[in-house]
Amino acid sequence: MTTRNGLRVLVVDDASDNAEMLAELVATFGHTVRIAHEGAAALALLDQEAADLVFLDIGLPDASGFDIAASIRSRHGRACRIVALTGYSDAEARDAARDAGFDAFLVKPFDFARIEALLSVDSQPEARPT
């Protein structure tokens, strides 16, 4: 469900504290947020209800975030933006993220201004898929 001017956002991170903190931040901007702690759970949530934006951790307990991103693209095409969340900042990780279908790359700890910018770009009606 999309709020009046908000996005449907899915936060996928196995670290509960990270997931909750990011979800709370996203919610303060007026967006609807769901949380998953594993890749399979994220895919199940997306099959139940689409998301406009997915914040996806690369290192999940049941699957690589790269594989989950590729699965999202395979199942849902470009219907949502996918943002990589990772502790890795090297070029190899960035290249792998791009190849897997991620739209943006965020290194932990999170830069709150960057998250706000990603959300505000996606909040513009012309930037959202229909």
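In this predicted model, helix α3 spans residues 65-76 and contains twelve residues. From its first C-alpha to its last, α3 reaches 16 Å, close to the 16 Å expected at 1.5 Å a residue. The buried residues of this helix are G65, I68, A69, I72 and R73. Seen down the axis of α3, these buried residues fall within an arc of 140°, so they line one face of the helix. Their packing partners are two helices, α2 (39-48) and α4 (91-100), together with two strands, β3 (53-57) and β4 (81-86).

Both ends of α3 offer a local detail worth a look. At the start of the helix, a side-chain oxygen of S64 comes to within 3.0 Å of the backbone nitrogen of F66. Just after the helix, G77 adopts a positive phi of about 60°.

Among the residues of α3, R73 deserves a closer view. The relative accessible area of R73 is 13%, which is under the 20% cut-off, and R73 therefore counts as buried. Leaving aside neighbours within four places in sequence, R73 is in contact with R78, C80, R81 and I82, and also with A100, G101 and D103. One of these contacts, R81, belongs to the residue range of β4, and another, A100, to that of α4.

Turning to the sheet, five strands form an open arrangement in the order β2-β1-β3-β4-β5, with parallel pairing. The edges are taken by β2 (32-36) and β5, each of which pairs on one side only. From one strand to the next, the twist averages 20°. Within this sheet, strand β1 (residues 8-12) runs parallel to β3 and is joined to it by four bridges. For V11, the bridge partner in β3 is F55.

Helix α2, already met as a packing partner of the buried residues of α3, also has a place against the sheet. This helix lies across β1, β2 and β3, and runs at about 145° to β2. Strand β3 thus appears in several of these descriptions: β3 is packed against by the buried residues of α3, is bridged to β1, and is one of the strands that α2 lies across.

A last feature is found beyond the edge strand β5, in the loop between β5 (104-107) and α5 (112-123), where P109 is located. The peptide bond leading from K108 to P109 is cis, with omega near -5°.

Conventions:
Residues numbered from 1 in each chain as written. Predicted model: local features only at pLDDT ≥ 70, side-chain atom pairs only at ≥ 80, totals over all residues. Heavy atoms only, no water. Expected span 1.5 Å × (residues − 1). Buried < 20%, exposed > 50% of the residue type's maximum accessible area, 1.4 Å probe, protein only. Arc of directions from axis to C-beta. Contact = heavy atoms within 4.5 Å. Polar contact = N/O pair within 3.5 Å; in protein donor to acceptor, adjacent residues only side chain to side chain. Pairing = 2+ DSSP bridges. Axes fitted to C-alpha atoms, helices over the stretch in contact; angles between N-to-C directions.
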